[in-house]
Amino acid sequence: MKKDEKTNVMRVLDGKKIDYKSYCYVDSGVVSGPDVADAMGQDKNRVFKTLVTEAASKKNYVFVLPCNRELDLKKAAKVVGEKSIAMLKSKDLLPLTGYIHGGCSPIGMKKQFVTVFHQTAADFDTIIFSAGKIGYQVEVAIGDVEKVIRFTLHDIAVQAEE
């Protein structure tokens with residue numbers, strides 16, 4: 001994939017005439033969120049990761065949180081009104097969302113799931129998250145994300161252990 005090639009997420013944003021900045025770090029070999037933020041020279045609090053979960057009810061939920069934090073499963077379950085939730089198994093991610101582990105974006109999934117961004121997303125003019133392929137990120141204003149997907153903002157994370 002060339003640096004100027006568009007991902008599905010970028011095409012969705014273009015279709016809605018939403019301004020965004022794209023980043024490509026495909027040659028760096030980084031995978032973890034904090035490493036991605038470092039590779040791009042960005043604040044780890046502004047670089048978000050997308051996690052897909054499955055509740056005991058078998059419903060799926062999407063949580064988007066800073067890459068330097070971990071999803072608090074209890075808080076997340078409470079926010080979406082479920083008794084419990086667990087991370088979706090990697091093998092189930094592609095058939096459910098159309099994305100692979102490490103390249104999952106809240107925009108452009110096969111279907112729209114209940115989506116919750118960590119409340120700190122509102123603290124920044126723009127946030128950065130996966131453009132739908134490993135090695136590609138987009139920087140978008142959270143207000144513009146609302147033009148593409150429905151989501152709520154809640155406290156769903158705990159600080160990751162160093």
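In this short talk I will go through a sheet, a helix, an aromatic pair, the cysteines and two lysines of this structure. Please keep in mind throughout that the model is predicted.

Let me begin with the sheet. It is an open sheet of five strands with mixed pairing, and the strands follow the order S5-S2-S3-S6-S9. At the edges stand strand S5, residues 85–87, and S9, each with a single partner strand, so one side of each is left without a neighbour in the sheet. If we ignore direction, neighbouring strands of this sheet are turned by 35° against each other on average. Within the sheet, strand S3, which covers residues 60–66, pairs with S6 in the parallel sense, and four bridges are found between the two. On this pairing you can locate phenylalanine 63, which stands opposite valine 116 in S6.

S6 also takes us to the aromatic residues. How many aromatic pairs does the count give? The count comes to one aromatic pair, and the partners are phenylalanine 117 and phenylalanine 151, whose rings are 4.6 Å apart from centre to centre, with 50° between the planes, which is a tilted arrangement. Phenylalanine 117 belongs to strand S6, residues 114–118, while phenylalanine 151 sits in the loop between helix H5 (142–145) and strand S9 (152–154), so the pair ties together parts that are 34 residues apart in sequence. As for their surroundings, both phenylalanine 117 and phenylalanine 151 are buried.

I turn next to helix H1, which spans residues 8–15 and in which Val9, Met10 and Leu13 are buried. Around the helix axis these residues cover an arc of only 100°, which puts them on the same side of H1. And which strands do the buried residues of H1 pack against? They pack against strand S1 (21–24), strand S7 (127–130) and strand S8 (136–140).

After H1 comes lysine 17, in the loop between H1 and S1, and here the backbone deserves a moment. Most residues other than glycine have a negative phi. Lysine 17, although it is not a glycine, has a positive phi of about 55°, and its side of the picture is completed by a relative accessible area of 74%, which makes lysine 17 exposed. Lysine 58 is another such residue, with a positive phi near 75°, and its place is in the loop between strand S2 (48–55) and S3. At 59% relative accessibility, lysine 58 likewise counts as exposed.

Finally, the cysteines. A disulfide is a covalent bond between the sulfur atoms of two cysteines. The structure holds zero disulfides, so let us ask why cysteine 24 has no bond to cysteine 67. The closest cysteine sulfur to that of cysteine 24 is the one in cysteine 67, and at 18 Å it is too far for a bond, given that the cut-off for a disulfide is sulfur atoms within 2.5 Å. Cysteine 67 is in no disulfide either, since the nearest cysteine sulfur, that of cysteine 104, is 15 Å away. Are cysteine 24 and cysteine 67 buried or exposed? Cysteine 24 is partly exposed, with a relative accessible area of 25%, whereas cysteine 67, at 4% relative accessibility, counts as buried.

Note on methods: Residues are numbered from 1 along each chain as its sequence is written. This is a predicted model: local features need pLDDT of at least 70, side-chain atom pairs count only at pLDDT 80 or more; totals for chains, interfaces and linings use all residues. Side-chain values use heavy atoms; hydrogens and water are left out. Rings of Phe, Tyr and Trp (its six-membered ring) pair if their centres lie within 6.5 Å; planes under 30 degrees apart count as stacked, over 60 as edge-to-face and the rest as tilted. Buried means under 20% relative accessible area, exposed over 50%, partly exposed in between (1.4 Å probe, protein chains only). The arc is that of the directions from the helix axis to the C-beta atoms. Contact means heavy atoms within 4.5 Å. Two strands pair if DSSP finds at least two bridges between them. Axes are lines fitted to C-alpha atoms, for helices over the stretch in contact, and angles run from 0 to 180 degrees between N-to-C directions.
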